[in-house]
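Good morning, everyone, and thank you for making time for this. I would like to walk you slowly through one model, so please keep the picture open while I talk.

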Amino acid sequence: MDLSYGKEAEAFRANVRDFLAQRWRPASLRGSELKSYIRDFRRDATDEGYLYRGVPRRFGGSEQPVDVVCAQVIREEFGRARAPMEIYGNGMSMLVPTLLDRGTEEQRERFIRPTIAGDYVWGQGYSEPGTGSDLASVHTRGELVGDEWVINGQKIWTSDGARATHMFALIRTEPDAGKHDGISYLLLDLDQPGVTRRPIRQITGGADFYEFFFEDARAPADWIVGARGEGWAVSRTTLKHERASIGSAETLGRQFRKLVELAREVERNGRPAIEDPQVRQALTRIEGWVLSHRYSSYRLFSLAAADEEPGLIGLMMKLLLTETGHDIALAAQELIGDHALVEPAGAGTQDRGPEKWLDLIMGTLGNSIAGGTTNIQRNIIGERGLGLPRDLAMGGQ
Amino acid sequence: MQFHLSEEQAAIQEAVRGTLEDSFGAERRQRHVDDGGPDFDAESWNGMMALGLGGLILPEAAGGSGLGLLDLALSVEMLGYGAAPGPLVPHLLTGLALSLSDDAALKGRWLGALASGETVATLALGGGWLPESWDVTLTGGALTGRVGHVVGASAARLLLVGTAGGGLALAESGEGMAIAPLDSSDRTRRAAAVTFDGAKATQVFAPGHPRVARLFDAALILSAAEALGGAQRSLDISVDYAREREQFGQPIGRFQALKHQLATMALEVEPARALLWYAGYAWDSDQPDARRAAALAKAHIADRFVSVARAAVAAHGGIGYTWEYPLSIWLRRSLADRATYGAPSVHRARAADLAAW
């Protein structure tokens, strides 16, 4: 085993550092000046081959060969310099790869460039009230009338819903076909009279998700990705390009370090809580999981760099992240004691004491649900990972 | 960056697993754990030694292969998977201790025989496992004291003994040493209490020598490796059973409740693998966090093994609760692995101290 990235990657790192030292100097800029500086910076970083590496040059990307180590070095160096990376969101993580894989040349030209530039912000239109884990049961209807799709129904749990300008959605266009075969993957402009959006207030008090109502909303006939009825398969397209990263391990590691800091700050029996033997046991018990997650992400990264399959461990990282996040949240709740009785001020405001941990204590519950519930994760591990027979109701035989 | 198993590492693991299965298969294993069985099994011992396990981490000059602790841990994981009997891991640690010593005469005398497995060695640490608690005294080349739990003591010719203040001494079995076999709960690694009353011994490391700490870390890592293998086996037995056993006209593994139970077990085992790898890597490359990594790996994985072995019994229903069903062997090993070299809470407390919290 060897955790160094190797000489080639270190030489590459030196280039990235040089570039950043010369090109990322935003210190005195504010407002619109800063905005346009960032825009230019991203363009130059893309020209250098550091951003949008999986996107062809003709659509505004840098079209680099797959190299997860280089991608990781870029993330590390941009992170260190606090330089902006790609505009992140559903557009880059889901729509662009889908268009590259299944879209028409026209669709790629029409949508990828403005998405990369941040002019199009995409919402995901998958979930509906009532679909839950049975996503293919979507009801929102799309009917081709003349040269337009006419859409009626409702979508829910759309992140970025406040800013979204467009949506990619699973729409039932073939009502007489089977459950999966009746769905198409349509693109929608959200700025039109037939679309209403409404924020969903979450258990945390914040509103990161929106629901969308469609009443005769319209989309051009050729804003369909893949053929009619192929939407389910199109939506399964996943981002393969340099997907492996150790990003989520860094998130968990950061949360754990904050937990240790919290234990230093709060007191138990008149002494810093971190001196309490029970607290030390609790922290090191959690750390066993945090480090298992971290080193497993190294393992996955190493497998990806060698172009090998991730296997069982690749199916577990989300559940591991969720469960360990809960452990951290519960330990924090115990440590903050009566501070948990006070609602925290909004993020980014002044005067947030230990009660700010409530954001994480409640927010980590979202991980149990978003992107496949914990129960579904266990099904996946059991069926795809351990080879157990599939549930009959879910298509097993 | 390389942080997954190489083809060669996977091949060595497979060789150890296969050879152990051939030499210590289900029937032999079951006979071995019957009441009054031996503390040593020559067939599997010879099989492992013929593979070169005894010298895997020893220098080539001593007839070894010169590989690292991580490589050894990968093999030891397979010993745990196959419930290898006798003092294999203590033997490997004795060889490692001698190879770390600067005493050329001592190395010349024993390393070759330890590498080949011709001489069987074991560990007699005493106290409460941690080096600072070892309490056998070494005075004028003679040992006095008692060690409560020595695996394979009757079969061993050499004993590496923990001495007061955290030293290590090497003694040959014989005069001045009384061996009282215990009724060990782990029947695959039976132990005896050993009383030293003037047994002759040679000091390998003086009390407080830094290599004692390093050796103890290696013991924690190998113990974690054995536990990981045992946890994997407990999971595999359970998954196989869930795929075959039918109830209500279908394999029970189709029922979501059991499927989720097995997934939870897998979630305990698979991520722990990388925790072990890191501890081995950190030991081999002498990383600043090597001591903590060993302590945390031992604590975490020992707990996982007990948890998975217990869940495995629960996942089986009645058959899992019987003596003759093989799970009993791994459940008992999990209890031994958790206790040996110190309980998880002991090592978590150490890990907290080592973090300077």
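**A loop, some charges and their partners**

Let me begin with Q202(A), which sits in the loop that runs between β6 (195-200) and β7 (209-220) of chain A. Before I go on, please keep in mind that what you see is a predicted model. Is Q202(A) buried or exposed? Its relative accessible area is 17%, and because buried means under 20%, Q202(A) counts as buried. The side chain of Q202(A) reaches two backbone nitrogens, that of D208(A) at 2.4 Å and that of F209(A) at 3.4 Å.

From there I would like to turn to the surface of chain A, and to its charges. On the negative side, E106(A), E109(A), D147(A) and D222(A) together form a surface patch. If you look for D147(A), you will find it in the loop between β2 (141-145) and β3 (148-159) of chain A, and with a relative accessible area of 60% this residue is exposed. On the positive side, a surface patch gathers R254(A), R257(A), K258(A) and K356(A). One of these, R257(A), belongs to helix α7 of chain A, which covers residues 247-265, and R257(A) is exposed as well, with a relative accessible area of 52%.

D222(A), which we met in the negative patch, also gives us a distance to think about, taken with R39(A). The residue R39(A) is placed in helix α2 (residues 31-47) of chain A, and at 48% relative accessibility it counts as partly exposed. How far apart are R39(A) and D222(A), in sequence and in space? They are separated by 183 residues in sequence and, from C-alpha to C-alpha, by 31 Å in space.

Now to the salt bridges, of which the structure holds 47 over all chains. I will take three examples from chain B, starting with E21(B) and R233(B), whose side chains meet at 3.8 Å, N to O. This pair links distant parts of the chain, since E21(B) is in helix α1 (residues 7-23) and R233(B) is in helix α7 (residues 210-244) of chain B, 212 residues apart. The two partners can be described separately, for E21(B) is partly exposed at 29% relative accessibility, whereas R233(B) is buried with a relative accessible area of 11%.

The second example is the salt bridge between R333(B) and E226(B), at 3.0 Å, N to O. Here too the pair links distant parts of the chain, with R333(B) in helix α10 (residues 327-339) and E226(B) in helix α7 of chain B, 107 residues apart. Both R333(B) and E226(B) are buried.

The third example joins R304(B) and E268(B), whose side chains meet at 2.5 Å, N to O. Because R304(B) lies in helix α9 (residues 290-316) and E268(B) in helix α8 (residues 256-284) of chain B, this pair ties together parts that are 36 residues apart in sequence. R304(B) is buried, with a relative accessible area of 13%, and E268(B) is buried too, with a relative accessible area of 11%.

Salt bridges can also share partners, and in chain A this joins E10(A), R13(A), R17(A), E76(A), E77(A) and R80(A) into one network. Thank you for listening, and please do ask me to return to any residue.

Methods
Residues numbered from 1 in each chain as written. Chains lettered and ligands numbered in written order. Predicted model: local features only at pLDDT ≥ 70, side-chain atom pairs only at ≥ 80, totals over all residues. Heavy atoms only, no water. Patch = residues over 30% accessible without salt bridge, like charges linked within 9 Å, V, L, I, M, F, W, Y side chains within 5 Å. Areas by Shrake-Rupley, 256 points an atom, 1.4 Å probe, with all protein chains shown as cover. Salt bridge = Lys/Arg side-chain N within 4 Å of Asp/Glu carboxyl O. Lys, Arg positive; Asp, Glu negative; His and termini not counted. Charge placed at Lys NZ, Arg CZ, Asp CG, Glu CD. Helix = DSSP H or I, 4+ residues; strand = E, 2+ residues; numbered from the N terminus. Buried < 20%, exposed > 50% of the residue type's maximum accessible area, 1.4 Å probe, protein only. Polar contact = N/O pair within 3.5 Å; in protein donor to acceptor, adjacent residues only side chain to side chain.
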